[in-house]
Amino acid sequence: MAAVSIEGVGREFPGVRGGPPTRAVEPLDLTIADTDFVALLGPSGCGKSTLLRIVAGLDQATEGRVLVDGREVEGPGADRGMVFQSYTLFPWLTVCENIGFGPRERGVPPAERRTIADRLMAQVGLTGFADHYPRMLSGGMQQRTALARALANDPAMLLLDEPFGALDHQTRSLMQELLLQVWEADRKTVLFVTHDIQEAVFMANRVLVMTARPGRIKTEVRVPLPHPRHWRMKTTPEFARIEEELTESIREEALRAAAMNA
Amino acid sequence: MTGTVGRRRRPSTFAPLTPISPRARVTFGIAFFVLFFAAWSVATWGGFVKPLFLADPLKTFAAGWRLFVEFGFAGDVAVTISRVVGGFVIAALLAVPLGIAMGAFKPIEAFFEPFVSFARYLPASAFIPLLILWLGVDEAQKLAVIFIGAFFQIVLMIAVLIGETRRDLVEAAYTLGAGSRGIVLRVMLPYAAPQIAETLRLVLGWAWTYVIVAELIGADSGIGHMIMDSQRFLDTGQMIFGIFLIGAIGLVTDLGFRAVNRLLFPWQLGR
């Protein structure tokens with residue numbers, strides 16, 4: 001159970017050397033229903049990651065507040081699992097120990113941690129890699145471990161910050177299907193940040209387009225494609241129509257952002 | 001038209017960062033020692049240096065043999081090693097926790113850092129006369145010299161290492177439910193552990209310098225004391241042997257440290 005309500009949340013970064021402050025996120029409202037899969041889509045630098053980090057409790061909003069199940073977010077916590085774009089596995093722990101990190105912090109005994117890790121390794125296809133260190137793994141396997149590690153706490157929601165951004169195209173497609181399977185099985189509330197339009201449409205039930213500097217939510221597009229979703233859905237006319245609509249919307253923002261940088 | 005574009009990439013031993021086989025590494029390492037002894041032999045037996053100033057290799061090792069067999073030098077070596085290890089362990093036991101606390105918690109760092117930075121520059125050897133006055137010429141004085149020389153250096157270097165923990169790993173741990181204690185003990189400490197071991201290895205080397213200086217100035221035992229005694233008899237063979245032995249002990253300690261690091265930190269093999 002996790003319904004999120006973002007109430008007038010904005011973020012301003014103080015100016016560098018007495019310069020004017022930079023506004024990353026304009027105060028905005030957003031509600032995410034329990035078990036929903038929402039994608040935040042926008043060009044780089046639009047504040048989508050900042051917004052996600054505020055929900056995670058890793059960054060503080062300048063104004064407004066975030067409620068998860070009616071309780072105000074004051075800091076990071078095990079109820080909101082997160083997967084980062086960068087590889088953040090602990091290099092000194094094996095795959096199994098990385099997955100068991102969260103339960104360990106909660107005081108779960110070793111045998112039980114092992115059971116949790118075994119189940120998750122099977123779910124994300126890492127059986128047989130329990131004793132591997134992260135440096136022995138490919139990028140895709142590292143992110144699968146990171147996903148399993150986030151799931152090990154059985155969080156009410158998942159926050160994903162371009163988790164497949166550093167992966168090659170083929171690996172990324174497989175990871176998308178894997179994450180969809182996880183969502184279809186567990187129905188956790190998901191907030192997924194990406195700049196990849198196709199990825200957003202394929203994964204999410206709602207796609208929110210964010211504008212660049214200051215970050216605002218420009219439009220919302222619902223994705224009425226049924227679950228379970230198969231990769232072949234990416235070739236259906238319905239998929240193409242939604243993708244086109246979003247492309248048009250994003251293009252305007254990218255052009256505006258490019259003009260601002262010129 | 002024929003020709004090549006760019007420079008041909010020949011597998012050359014001297015291209016930057018080209019790896020070298022373990023066997024070649026050992027051979028090269030030994031080769032330098034051979035050259036060193038050759039140069040020493042030529043300088044002494046060739047008559048380029050007076051025997052009074054530099055004993056030849058054979059005399060040096062014969063002097064070393066006599067030291068051990070006739071003068072009970074093994075006891076001196078043991079005394080010096082125990083001083084180095086004792087002073088170093090006391091310094092490390094106190095410095096490592098303080099360094100970790102400073103690296104992790106910024107108010108603690110703000111409190112100690114300026115003084116430690118100042119104290120780090122105080123030369124340990126300059127304290128020796130003062131320490132003799134305070135503590136006499138007993139073991140406590142030797143340990144204190146090493147402590148002053150090692151403690152502040154270890155504190156500062158460890159504070160920096162801990163403070164350099166990757167932010168994204170700390171953030172990941174927070175989202176997994178870790179608190180301050182978990183972050184320090186189970187993220188920052190293991191992250192910095194290999195470099196902490198490396199720092200300790202480095203400082204242990206400096207501790208050897210401090211102990212010998214302390215023994216040269218005021219001691220009735222130890223390798224430094226032996227070197228000072230030998231000077232009175234102009235026995236360059238013994239003096240050189242003493243210096244040489246310290247180098248050999250250092251080399252062995254280094255190899256030991258490396259082997260232990262490989263055992264303790266298997267996750268970073270191949271780096």
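1. A convenient place to enter this structure is a residue pair in chain A: A:Leu40 stands opposite A:Val193 in strand E8(A). The model is a predicted one, and the pair belongs to the contact between strands E3(A) and E8(A), where five bridges join the two in parallel. E8(A) covers residues 189-194, while E3(A) covers residues 37-41.

2. On its other side in the strand order, E3(A) is followed by E9(A). Four bridges join E3(A) and E9(A), and these strands also run parallel. Within this pairing, A:Val38 stands opposite A:Arg206 of E9(A).

3. How many of the residues of strand E3(A) are buried? Five of its five residues are, and the strand is described accordingly as mostly covered. The cover extends to both faces of E3(A). One side carries A:Phe37, A:Ala39 and A:Leu41, and the other carries A:Val38 and A:Leu40, all of them buried. A:Leu40, the residue named at the outset as standing opposite A:Val193, is thus among the buried residues of E3(A).

4. The sheet that contains E3(A) is open and has six strands, in the order E6-E7-E8-E3-E9-E10 of chain A, with mixed pairing. Its edges are formed by strand E6(A), residues 80-83, and strand E10(A), residues 217-222, each of which pairs on one side only. From one strand to the next, the twist averages 15°.

5. The mixed character of the pairing can be followed at E9(A). Strand E9(A), residues 206-210, is joined to the edge strand E10(A) by five bridges, and these two run antiparallel. The bridge partner of A:Leu208 in E10(A) is A:Glu220. Toward E3(A), by contrast, E9(A) runs parallel.

6. Chain A holds a further open sheet, made of four strands in the order E2-E1-E4-E5, with antiparallel pairing. Which strands form the edges of this sheet? They are E2(A), residues 22-32, and E5(A), residues 71-72, each pairing on one side only. Strand E4(A), residues 63-68, pairs with E5(A) in the antiparallel sense over two bridges, and A:Val68 stands opposite A:Arg71 of E5(A). Helix H1(A), residues 48-56, packs on this sheet and touches E1(A), E2(A) and E4(A). The direction of H1(A) makes about 120° with that of E1(A), which spans residues 4-13.

7. Taken as a whole, chain A has eight helices and ten strands. Its radius of gyration is 19 Å, close to the 18 Å that the globule rule gives for 262 residues, so chain A is as compact as a globular protein of that length. The C-alpha trace of chain A spans about 55 × 50 × 35 Å along its principal axes. Of the 262 residues of chain A, 45% count as buried. Among the contacts in chain A with a separation of 6 or more, 72% are between residues 24 or more positions apart.

8. Chain B is built on another plan, with ten helices and zero strands. Why is chain B described as more spread out than a compact globule? Its radius of gyration is 24 Å, well over the 18 Å that the globule rule gives for 271 residues, and the description therefore follows. Along the principal axes, the C-alpha atoms of chain B fill a box of roughly 80 × 70 × 30 Å. Of the 271 residues of chain B, 32% count as buried. Residues 24 or more positions apart supply 71% of the contacts in chain B with a separation of 6 or more.

9. The contact between the chains takes 21 residues from chain A and 14 residues from chain B. On the chain B side, helix H7(B), residues 167-175, and helix H8(B), residues 180-217, each supply at least two residues. H7(B) gives the largest share of that side, six residues. By class, the side of chain B that touches chain A has eight nonpolar, four polar and two charged residues.

10. As to confidence, the predictor gives the complex an ipTM of 0.91 and a pTM of 0.87. The mean pLDDT of chain B is 90, and 94% of its residues reach 70 or more. A general caution applies: where pLDDT is low, the predicted coordinates should not be read in detail.

Terms used
Residues are numbered from 1 along each chain as its sequence is written. Chains are lettered from A and ligands numbered from 1 in the order in which they are written. This is a predicted model: local features need pLDDT of at least 70, side-chain atom pairs count only at pLDDT 80 or more; totals for chains, interfaces and linings use all residues. Two strands pair if DSSP finds at least two bridges between them. Axes are lines fitted to C-alpha atoms, for helices over the stretch in contact, and angles run from 0 to 180 degrees between N-to-C directions. pLDDT is the predictor's confidence in each residue, from 0 to 100. Two residues are in contact if their C-beta atoms, placed from the backbone, lie within 7 Å. Ala, Val, Leu, Ile, Met, Phe, Trp, Tyr, Cys and Pro count as nonpolar, Asp, Glu, Lys and Arg as charged, and the others, Gly among them, as polar. A residue is buried if 20 or more other C-beta atoms lie within 10 Å of its own, exposed if 12 or fewer, and partly exposed in between; C-beta atoms are placed from the backbone. The radius of gyration is taken over C-alpha atoms; the globule rule is 2.2 Å times the number of residues to the power 0.38.
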